[in-house]
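Good morning, colleagues, and thank you for making the time. I should like to walk you through one structure today, ending with the places where its ligands sit.

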Amino acid sequence: MRHYPAFLNLSACSCLVVGAGAVGLRKITTLLSAGPREICVLDLGEASKELLDLCASPSLHFEQREFDESDLKGRTLVFACTNNAKVNSHIAELCQKHGTLCNIADAPDKSTFIVPASLKRGALVLALSTGGASPAVSRRIRMELEKALGPEYEPFVAIMGRLRPLILNLGLPTAQNTTLFRQLALGPLPEALRENDMLRVRDLLSEALPPQLHSHIGELLDGIE
Ligand SMILES: C[C@@]1(CC(=O)O)C2=NC(=C\c3[nH]c(c(CCC(=O)O)c3CC(=O)O)Cc3[nH]c(c(CC(=O)O)c3CCC(=O)O)/C=C3\N/C(=C\2)[C@@H](CCC(=O)O)[C@]3(C)CC(=O)O)/[C@H]1CCC(=O)O
Ligand SMILES: NC(=O)c1ccc[n+]([C@@H]2O[C@H](COP(=O)([O-])OP(=O)(O)OC[C@H]3O[C@@H](n4cnc5c(N)ncnc54)[C@H](O)[C@@H]3O)[C@@H](O)[C@H]2O)c1
């Protein structure tokens with residue numbers, strides 16, 4: 001079995017996290033950064049300081065009580081993160097019955113999705129998994145990628161994202177667009193951004209862009225310079 005990699009838009013979705021210990025808190029934090037409509041968190045114990053801080057987010061609500069099958073109604077993703085294997089396994093069975101995607105913290109084989117190690121640079125998101133073989137290796141690779149793809153990748157992707165519709169609107173042949181996008185994507189723009197050498201960034205854009213787009217360079221760099 002191989003997992004299917006996908007990026008989810010959770011903005012209209014409701015999610016459930018059962019168990020808000022160390023693992024549950026990590027899953028809640030990643031979830032929050034994706035901005036789902038609602039996250040319901042259940043735990044038998046009182047909310048920790050960390051959870052109370054996360055509860056500042058209006059989409060998150062905590063209830064100190066036992067999980068019940070009715071809690072699955074309307075959920076897109078369910079996370080079972082308790083330290084009670086029986087409870088986690090029970091949630092897995094109910095999710096299977098209801099066809100709800102679930103992540104079972106202590107039982108990858110009962111989970112229908114894995115939480116990958118991930119790295120964000122603005123619109124760029126990298127997500128990786130070892131298929132459950134070694135989360136520690138996923139963590140290592142995520143840290144290596146963080147070093148290789150520094151913060152400059154956020155403005156780099158922003159510039160390329162703003163440029164794309166301008167180029168496509170010129171109505172040039174696809175092969176020509178591809179050459180231009182590849183030239184910029186493979187070129188030294190990230191290095192120039194990392195060194196905050198905005199004169200070089202401007203030069204690189206002027207060299208690559210057709211003359212009719214030169215007047216747009218200022219807007220491409222808006223908020224970046
Ligand atoms: C990526 C990340 C995302 C996140 O959770 O946010 C994540 N685990 C992370 C860290 C981590 N987790 C653990 C360690 C200790 C070292 C080690 O065990 O290797 C470390 C590393 C550390 O802390 O150093 C312990 C552990 N993990 C699982 C079990 C249960 C089991 O295997 O049965 C046990 C207890 C085993 C035991 O009993 O000892 C299971 C899973 N953990 C996964 C994801 C999924 C597979 C990911 C993949 O395919 O690679 C999967 C299958 C299910 C899931 O959770 O979705 C996050 C890194 C975030 C980052 O730093 O970037
Ligand atoms: N998937 C992963 O990344 C990963 C990593 C480490 C550990 N684990 C496994 O995940 C599980 C949780 O680990 P942890 O470190 O967060 O444990 P933890 O002890 O810090 O937290 C568990 C939480 O579950 C709550 N809980 C217990 N029974 C409950 C119930 N019936 N309903 C609601 N809440 C309940 C507890 O009150 C506690 O807050 C363990 O089984 C561990 O083996 C998974």
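Let me begin with an annotation. An unreviewed UniProt entry places the feature "domain: Siroheme synthase central" at residues 121-147. Please bear in mind that what we are viewing is a predicted model. In this model, 48% of the span 121-147 is helix and 22% is strand, and its end C-alpha atoms lie 12 Å apart.

I turn now to the sheet. It is an open sheet of 5 strands, with parallel pairing, and the strand order reads E3-E2-E1-E4-E5. At its edges are strand E3, residues 60-64, and strand E5, residues 101-104, each of which pairs on one side only. On average, neighbouring strands are turned by 15 degrees against each other, direction ignored. For those who would like a reminder, strands of a sheet pair through backbone hydrogen bonds, in either a parallel or an antiparallel manner.

Within the sheet, I would draw your attention to one pair of strands. Strand E1, residues 14-18, runs parallel to strand E4, residues 75-80, and 5 bridges join the two. In this pairing, Leu16 stands opposite Val78 of E4. Packed on the sheet is helix H3, residues 85-98, which touches E1, E4 and E5. The direction of H3 makes about 165 degrees with that of E5.

Next, the ligands. Which residues come nearest to ligand 2? They are Gly19, Gly21, Val23, Ala105 and Asp106, out of 21 residues around this ligand. Two elements give two or more residues to this shell, namely helix H1, residues 22-33, and strand E2, residues 38-43. H1 gives the most, with 3 residues. By class, the shell around ligand 2 holds 11 nonpolar, 7 polar and 3 charged residues.

Ligand 1 is likewise surrounded by 21 residues, and the closest are Ala117, Ser129, Pro135, Ala136 and Ser138. Here, the elements that give two or more residues are H1 and helix H4, residues 135-148. H4 gives the most to the shell around ligand 1, with 5 residues. This shell comprises 8 nonpolar, 9 polar and 4 charged residues.

Finally, where does ligand 1 lie with respect to domain 1 and domain 2? Both domain 1, residues 1-115, and domain 2, residues 116-149, give residues to the shell around ligand 1, and therefore this ligand lies between them.

Thank you for your attention; I would welcome your comments.

Definitions and conventions
Residues are numbered from 1 along each chain as its sequence is written. Chains are lettered from A and ligands numbered from 1 in the order in which they are written. This is a predicted model: local features need pLDDT of at least 70, side-chain atom pairs count only at pLDDT 80 or more; totals for chains, interfaces and linings use all residues. Two strands pair if DSSP finds at least two bridges between them. Helices (H or I, at least four residues) and strands (E, at least two) are DSSP runs, numbered from the N terminus. Axes are lines fitted to C-alpha atoms, for helices over the stretch in contact, and angles run from 0 to 180 degrees between N-to-C directions. Two residues are in contact if their C-beta atoms, placed from the backbone, lie within 7 Å. A residue is near a molecule or strand if its C-beta atom, placed from the backbone, lies within 6 Å of it. Ala, Val, Leu, Ile, Met, Phe, Trp, Tyr, Cys and Pro count as nonpolar, Asp, Glu, Lys and Arg as charged, and the others, Gly among them, as polar. UniProt positions are given in the numbering used here, feature names are shortened, and annotations may be inferred rather than shown by experiment. Domain bounds come from an automatic or database domain assignment.
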